[in-house]
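This report goes through the charged pairs, aromatic contacts and internal spaces of one protein model. The sequence and the structure come first.

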Amino acid sequence: MSSFKSFLRAGHGPTLFAAFLYFAFSCCIWVLNGAMAPFIGETFNLSPAQKGLMLSVPIIAGALMRFPLGVLAQYIGRKKATLVEMGLIAVAMLFGFFMVHTFNDLLAMGVLLGIAGASFGVALSLGSGWFPPQHKGLAMGLVGAGNVGTAVSVLVAPPLAQWLGWQSVYGIAAVAILVPMIVMIVFAKEPPDIDSHSSFREHIACLFEKDGWVFSLIYGVTFGGFIGLTTFLPSYYYDQFGVSKVQAGQLTMLAAFMGAAVRVIGGWISDRWGGVNTLTLVLLVVAVALVLVGFSSGSLAITTLLLIVCFAALGAGNGALFQLVPLRWPATTAVAGSMIGEIGALGGGLVPNAMGLSKQYLGSYTWGFVFFAVLSLVMLGVMRVMQIRWTRTWAEKGGRARTSAHAAAPSHAPKRTPKARSA
């Protein structure tokens, strides 16, 4: 407890809490269509492929909006950017409540739900911005635990949809978003960790660097897997095992909650053991668990246990990767985090589509799970190759923060250190 108090004293606790709450509410709203998919599918009589498309649209839209929000935050401030976004979320939820009557309207609503998915990079940068490098992994893990909003969504939205009708849930969300807005206004303070003199090209330098793309692809497995599976699983449980719509949400909640909770542990472990070491173990566990899930579709209990293990690994991987981001881009963490979150979240859009197509054309969801397991192993190989250079330039062995005078790598280190680039 004393070490956690010293951690809080090293930064700004109220901002950390405001960022967590903002991210939690955003995640909750982002996956609403997935949480209510059994109800929506029944209303519109959707095929497996149509369900996959419907579930993937909010993920892809949210991914594409992350980087623009990160750039906006770099110029107007992260606190102001969160308030702009939450205002837009409220308007989007009112559209869902009043205007969704056809499948095309539903797809448009999916795009609007993506506004909530844009919160990621700004939330993590805002919450961790007051903390020194050796504590950023834990700070980002705590904010990132706002992923628990996905678990709340799949737990709460189905009973509300059954009671009031699924469109009414959008109206409830429009009112609920006022809570994190008020907390943000009252408690959050803009962190000082930004280089206000950098040019636009310097702010977006991560777009032109190999490290940024490698981080993004790895995140496509860890976070993409987390958000994609969370969105897809209510439909999977309902279709595959014949449970009720509410039970499907409850079973999904078990896995999603585990992934969100372990994210904090992943950041904390990575501060001590190193993000690269943690990600190595994570990607192996994810690959094995997904293959086993694919071939255990006859047992509800075994499937649920394996998914809990898989989500725990995915959550730890999310925390581990974002322990590395502020070490690599210390002055432009919001933009780098948003860019990585944007491209990485696109991986989540693959999951429902792959599952729907696998079911519709191959007769089983198994090969969708196997496909994502193979991606996990590919990303493990890419990371192990790249980490050789990372530990020579901006991180200690295994991906820990450097404690020497060279702890903070310049935002454009690869461009200014050609020897390190060729290593």
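## Salt bridges between helices

With which residue does K245 form a salt bridge, and how far apart are the closest N and O atoms? The partner is E42, and the closest N and O atoms are 3.3 Å apart. K245 belongs to helix α15 (residues 245-273) and E42 to helix α4 (residues 37-44), so this pair ties together parts that are 203 residues apart in sequence. The model is a predicted one, and the count of salt bridges in it comes to 6.

The two partners differ in burial class: K245 is buried, with a relative accessible area of 15%, whereas E42 is exposed at 53% relative accessibility. K245 has a further contact, since its charge lies over the face of F39, at 5.5 Å from the ring centre.

A second salt bridge joins K51 and D239, with 3.3 Å between the closest N and O atoms. K51 is located in helix α5 (residues 48-76) and D239 in helix α14 (residues 210-241), so parts 188 residues apart in sequence are tied together by this pair. K51 is buried, at a relative accessible area of 12%. D239 has a relative accessible area of 36% and is partly exposed; the cut-off for buried is under 20%, and exposed begins over 50%.

## A network around D211 and R389

Helix α14 also holds D211, which pairs with R389 of helix α19 (residues 366-393), so parts that are 178 residues apart in sequence are tied together. In this salt bridge the closest N and O atoms are 2.5 Å apart.

Are D211 and R389 buried or exposed? D211 is buried, with 0% relative accessibility, and R389 is buried as well, with a relative accessible area of 9%. Salt bridges with shared partners join D211 and R389 to E209 and R328, giving one network of these four residues.

## Aromatic contacts

How many aromatic pairs does a search of the whole structure find? It finds 25. One of them is the pair of W390 and W394, which is tilted: the centres are 5.7 Å apart and the planes make an angle of 45 degrees. W390 is buried at 1% relative accessibility, and W394 is buried with a relative accessible area of 2%.

An aromatic cluster is formed by F23, W30, F120, Y219, F223, F226, F311 and F322. Of these residues, F120 is also a buried residue of α8.

## Helix α8

Helix α8 (residues 120-128) is mostly covered, with 9 of its 9 residues buried. They are F120, G121, V122, A123, L124, S125, L126, G127 and S128. The cut-off applied here is a relative accessible area under 20%.

## The largest pocket

What volume does the largest pocket have? About 260 Å³ of space lies in it. The lining of this pocket is made of 15 residues, and those nearest its centre are F25, C28, V152, V156 and A176.

Helices α2 (13-30), α10 (148-164) and α11 (166-176) each supply at least two residues of this lining. The most comes from α10, which gives 6 residues. By class, the lining of the largest pocket has 13 nonpolar and 2 polar residues, and no charged ones.

## Cavities

The model has 2 cavities of 30 Å³ or more. The second largest cavity holds about 40 Å³ of space. Which residues line the second largest cavity? They are L229, L290, V351, A354, M355, G368, F369 and F372.

Two or more residues of this lining come from each of α18 (333-362) and α19. Helix α19 is also where R389 lies, the salt-bridge partner of D211. By class, the lining of the second largest cavity consists of 7 nonpolar residues and 1 polar residue, with no charged residues. The lining of the largest pocket likewise has no charged residues.

Definitions and conventions
Residues are numbered from 1 along each chain as its sequence is written. This is a predicted model: local features need pLDDT of at least 70, side-chain atom pairs count only at pLDDT 80 or more; totals for chains, interfaces and linings use all residues. Side-chain values use heavy atoms; hydrogens and water are left out. A salt bridge is a side-chain nitrogen of Lys or Arg within 4 Å of a carboxyl oxygen of Asp or Glu. Helices (H or I, at least four residues) and strands (E, at least two) are DSSP runs, numbered from the N terminus. Buried means under 20% relative accessible area, exposed over 50%, partly exposed in between (1.4 Å probe, protein chains only). On a 1 Å grid over the protein atoms alone, a cavity is a set of points where a 1.4 Å probe fits but cannot get out, and a pocket is an open set with protein on both sides within 12 Å along at least five of seven lines; lining residues have an atom within 4 Å of a point. Grid points are joined across faces, edges and corners, and a volume is the space filled by probe spheres set on the points. Ala, Val, Leu, Ile, Met, Phe, Trp, Tyr, Cys and Pro count as nonpolar, Asp, Glu, Lys and Arg as charged, and the others, Gly among them, as polar. Rings of Phe, Tyr and Trp (its six-membered ring) pair if their centres lie within 6.5 Å; planes under 30 degrees apart count as stacked, over 60 as edge-to-face and the rest as tilted. A charge sits over a ring if NZ of Lys or CZ of Arg is within 6 Å of the ring centre and within 35 degrees of the ring normal.
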